[in-house]
Amino acid sequence: MNCELLRDHYDLYALDIAEEPERGEIRAHLQRDCEVCTAGVRRALETAALIGASAPAAEPSKKLRRRVLASVGVEQRPGWGALWIMAAACSILVLALVFVLRERSPYVQEALRSREALSILYAPSTIEASFGGAQPRPPQGKVFVNPSRGVLLIAANLPQTPGDKIYEMWLIPKGAKPVPAGLFQSQQDGNAMHVRPGTVDIASTAAVAVTVENQAGADQPTSTPLIVAPLPMTLAR
Amino acid sequence: MGTGMILPFLMSVFGGAGERALVERLKQRDPQALAELYDRYGKMAYSLVVRAVRDSAIAEDLVQETFLRVWNRVHSIDSEKGSLGPWLLAIARNRAIDYLRSVAGRERNTVELNESEHPSPYRGMESELLLSDQARRVKQAMEKLAPNYRTVMELAYFEGLSQSEMAAKMGQPLGTIKTWVRTALQSLRDDLDVAVSS
């Protein structure tokens, strides 16, 4: 396989998600010091490293530094001077981060939404339900419901709503009226991800549904649901 | 100086000596060099790992293991051409993903693991890439991604899921996931290229 065919796979290789045969081909090109692939993979590894550096800043305990040094046989006690410099540096970095955060504020909500979505996706107590699998022209996807974190909807193939309409998600309790669970729009490509944070009584919830409503939303559904995802029965329920 | 320049400037001021000298000192088993390496990348590595494993105690164990691995393998990096930061983050990420996979009972390709931890692919990278303005730009670009694109990137990078695993996890056809991944990567790449050309 020549380098031209492999170039679209360098980023996937750097993320460890390239598939065969491209993964093996790239590996072979690297092993024979192919200049094109080496440069391409290096660039992809740079991007991967920068993605790693984009993780939300978290502060390790102060013990960790000592543990790291102790693991190679070094014991350190920082002097007051070093502590003062570190404290000053941290303060200035915090101020700088505040500026940076303020600068990118339009995207903070999106970032928080993604974080909420992942927290629901990976919580052990989350249950999930698929929809659309059997339909010839689906909206297709899954809902994830966590009793303490909320509901996450991931959908593809949603039709564009008219300009004055919007999608509304509903929690459908057993034997009771649907409860509004937030408004959302799909992207131009028909994909959508919607999070309704907060607690959910899974035992009393039969399904999650989506309807098309007026822009202001509705207290009760006014159209036939486009999506209905019945929640699975579990032992816990 | 605009706000966009503040963070890299501060990092360079407090970052200490250049990485080439740092690599040489690590090779000479200078413990103070390890302390400087930790001061430069410890928080970044911890942020990555704790984002992946979501447990501070486990994350600290894995970060400690990461630095020990760098210390033990630094002889194989070329101090004239190598870049410590991206290599260190790759090791940290591998530690985290190995942990996640072991907990979930998922296997990982050990050949690939060894490859991504070898420093040779990092030859020729900008020595302080992770402390540069590009890091801030990628962070912004990640935040600008539509939620589904951002999610697949995070699942791939921080959770170590394959595209097939993401498809199963997100209830989407594999082709859709591949499209999302490709679009997300292209979007990041476009933002980086715009930044570089400007």
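Among contacts in chain A between residues at least 6 apart in sequence, what percentage join residues at least 24 apart? The figure is 56%. Keep that number in mind as we walk through this predicted model, one chain at a time and then across the boundary between them.

Let's begin with chain A, which has 7 helices and 8 strands. Of the 237 residues in chain A, 35% are buried.

Some of the strands come together in a sheet. Strands of a sheet pair through backbone hydrogen bonds, and the pairing can be parallel or antiparallel. Look for an open sheet of 4 strands in chain A, with the order 1-2-3-6 and antiparallel pairing. Strand 1 (127–131) and strand 6 (192–197) of chain A are its edge strands, each pairing on one side only. From one strand to the next, the twist averages 10°.

You can follow one pairing in this sheet in detail. Strand 3 of chain A covers residues 150–156, and 6 bridges join it to strand 6 of chain A, with the two strands running antiparallel. To find your place in this pair, pick out A:Ile154, which stands opposite A:Met193 in strand 6 of chain A.

Now turn to chain B. What numbers of helices and strands are there in chain B? There are 10 helices and 0 strands, and the pattern along the sequence reads α-α-α-α-α-α-α-α-α-α. Chain B has 198 residues, and buried residues make up 47% of them. The opening question can be put to this chain too: of the contacts in chain B with a separation of 6 or more, 69% are between residues 24 or more positions apart.

One residue gives you a good view from inside chain B. B:Met44 lies in helix 3 (residues 31–53) of chain B. Is B:Met44 buried or exposed? B:Met44 has 24 other C-beta atoms within 10 Å, and the cut-off for a buried residue is 20 or more, so B:Met44 counts as buried. Leaving aside residues up to four places away in sequence, B:Met44 touches A:Ala53, B:Leu89 and B:Leu130. B:Leu130 is 86 residues from B:Met44 along the chain, but their C-alpha atoms are separated by 9.1 Å.

Next, let's see how helices of the two chains meet. The axes of helix 4 (residues 35–52) of chain A and helix 5 (residues 84–104) of chain B come within 9 Å and cross at roughly 65°. These two helices are therefore roughly perpendicular to each other, and their crossing is left-handed. On the chain A side, the contact is made by A:Leu45, A:Glu46, A:Ala49 and A:Gly52, while helix 5 of chain B brings B:Gly85, B:Pro86, B:Leu89, B:Ala90 and B:Arg93. Sorted by class, this contact has 5 nonpolar, 2 polar and 2 charged residues. You have already met B:Leu89, one of the residues that B:Met44 touches.

There is another helix pair to visit. Helix 5 (residues 62–70) of chain A and helix 4 (residues 56–73) of chain B have axes that come within 9 Å and cross at roughly 35°. Here helix 5 of chain A passes helix 4 of chain B in a right-handed crossing. A:Leu64, A:Arg67 and A:Val68 from helix 5 of chain A meet B:Glu60, B:Val63, B:Gln64 and B:Phe67 in helix 4 of chain B. The residues of this contact divide into 4 nonpolar, 1 polar and 2 charged.

Technical notes
Residues numbered from 1 in each chain as written. Chains lettered and ligands numbered in written order. Predicted model: local features only at pLDDT ≥ 70, side-chain atom pairs only at ≥ 80, totals over all residues. Pairing = 2+ DSSP bridges. Axes fitted to C-alpha atoms, helices over the stretch in contact; angles between N-to-C directions. Parallel < 35°, antiparallel > 145°, perpendicular 65-115°, else oblique. Left-handed = near helix turned anticlockwise from the far one by under 90°. Contact = placed C-beta atoms within 7 Å. Nonpolar A, V, L, I, M, F, W, Y, C, P; charged D, E, K, R; others polar. Buried ≥ 20, exposed ≤ 12 C-beta atoms within 10 Å, placed from the backbone.
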